[in-house]
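Student: Could you take me through one part of this model closely, the hairpins and the sheet they build, and then show me how that part connects to what lies around it? I'd enjoy one long, connected answer.

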Amino acid sequence: MSDTGSGHDGGAQKDYSQKMDGGGVLGGGGSGDFDSGQQSQQTEQELATKMLQIQSKRFYLDVKQNRRGRFIKVAEIGADGRRSQIFLALSTAAEFRDHLSTFSDYYASLGPPNPDNVPEDGKLKSEMMIKDNRRYYLDLKENVRGRFLRVSQTITRGGPRSQIAIPAQGMIEFRDALTDLLEEFGTNDGGYKGELPEGRHMRVDNKNFYFDIGQNSRGIYMRVSEVKSNFRTAITVPEKCWSRFRDILTDYCDKMKKTSESTTSSITADNTLQKQTSNNM
């Protein structure tokens, strides 16, 4: 049997394309999560991408950034076009890169595949990584098609299990591609570490005003939206100038208050004068 490293675990690789497209993992939450769905597509930015052809598979490594920080989306496209993908924070990608070196060294130390000496579960070596509410299981496996590294991602609070399979002969190439991306973007996940304030809402006459706090590659911002019937407009205020924005509003409020008090005093004085004049007559 030749060491072909097909990357299939003795069965069909599950197609996650419909569940996972949109740049995030379903069921996410908490620090370090990657947003999913339409909201993610609107706030997500792609910073770099690499494509690897390993045997009959293509792998895309995309460095992305959303309001929670930077991460790498790893997508596997099989020969039949089926797609599966996992997501790695940059710090997790660095840990994965180091594991790839270890697995590659172990793979190199193995002799030719022996069908009479294959572990019952097919596993030759295993490791696990933990990042926030995610667990990653790394299993170097062997089946009738060859040896491969299966990388499975699970979410502790539920959600789909996703996995990719890297042919063992391509682990070094995969590691080198990760290294190039990490050298360019570092291993700091970035993003605001705390919880962003919740949005606020107020209604004035027939208008609604929404105050939403968000984060992108340029930092934290406040979006103020004015909504009435079928009309909507919005402005975006960077967090670095919130204090100045507040001071200007406060200044206008103080001036309008003084003007209002002055007008009220003037009207009161006029009324008093008119009353006195009327009494004298």
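Tutor: Gladly, starting with the vocabulary: helices (H or I, at least four residues) and strands (E, at least two) are DSSP runs, numbered from the N terminus, and two strands pair if DSSP finds at least two bridges between them. This is a predicted model, so local features need pLDDT of at least 70 and side-chain atom pairs count only at pLDDT 80 or more, while totals for chains, interfaces and linings use all residues. Residues are numbered from 1 along each chain as its sequence is written, and side-chain values use heavy atoms, with hydrogens and water left out.

Let's begin with the hairpin of S5 and S6. Two residues sit between these strands, and Asp-132 takes a positive phi near 55 degrees in this hairpin. Eight antiparallel bridges hold S5 to S6, and one pairing you can look up is Lys-125 with its bridge partner Leu-140 in S6. The chain then turns again: S6 is joined to S7 by a hairpin, also through two residues. Strand S6 covers residues 134–143 and strand S7 covers residues 146–155, and their antiparallel pairing runs over ten bridges. Along this pair, Arg-135 faces Thr-154 of S7, and Tyr-137 has Ser-152 of S7 as its bridge partner. S6 is mostly covered, with eight of its ten residues buried (buried means under 20% relative accessible area, exposed over 50%, partly exposed in between, with a 1.4 Å probe and protein chains only).

Now step back to the sheet. S5-S6-S7-S8 is the order of its four strands, which form an open, antiparallel arrangement. Strand S5 (123–131) and strand S8 (162–167) are the edges, each pairing on one side only. Ignoring direction, neighbouring strands here are turned by 15 degrees against each other on average (axes are lines fitted to C-alpha atoms, for helices over the stretch in contact, and angles run from 0 to 180 degrees between N-to-C directions).

What lies across this sheet? Helix H3 does, crossing S5, S6, S7 and S8 and running at about 170 degrees to S5. To see where else H3 goes, turn to the sheet with the order S1-S2-S3-S4, another open one of four strands with antiparallel pairing. Its edges are strand S1 (45–54) and strand S4 (83–89), each with a partner on one side only, and the twist averages 20 degrees from one strand to the next. H3 (residues 90–109) packs on this sheet too, touching S3 and S4, with its direction at about 105 degrees to that of S4. Helix H4 (residues 171–185) lies across S1, strand S2 (57–66) and S3, at about 160 degrees to S1.

Within this second sheet, strand S3 (residues 69–77) is joined to S4 by seven antiparallel bridges, and Ile-72 has Leu-88 in S4 as its bridge partner. Beyond neighbours within four places in sequence, Ile-72 has contacts that include Leu-61, Val-63, Ala-93, Leu-178 and Leu-182 (contact means heavy atoms within 4.5 Å).

The aromatic rings add further links. Three aromatic pairs turn up in the whole structure (rings of Phe, Tyr and Trp, its six-membered ring, pair if their centres lie within 6.5 Å; planes under 30 degrees apart count as stacked, over 60 as edge-to-face and the rest as tilted). Phe-71 and Phe-87 have ring centres 6.1 Å apart and planes at 55 degrees, so this pair is tilted. Since Phe-71 is in strand S3 and Phe-87 in strand S4, the pair ties together parts 16 residues apart in sequence. Phe-96 and Phe-174 also have centres 6.1 Å apart, but with planes at 70 degrees, so their pair is edge-to-face. Phe-96 belongs to helix H3 and Phe-174 to helix H4, so here the pair ties together parts 78 residues apart in sequence. Phe-96 counts as buried at 1% relative accessibility, and Phe-174 is buried at 0%. With Phe-59, Phe-96 and Phe-174 make up one aromatic cluster.

These two rings also lead into the largest nonpolar core, which has 33 residues; among those with the most contacts inside it are Ile-72, Phe-96, Leu-149, Ile-166 and Phe-174 (such a core is a set of buried Ala, Val, Leu, Ile, Met, Phe, Trp, Tyr and Cys residues joined through side-chain atoms within 4.5 Å).
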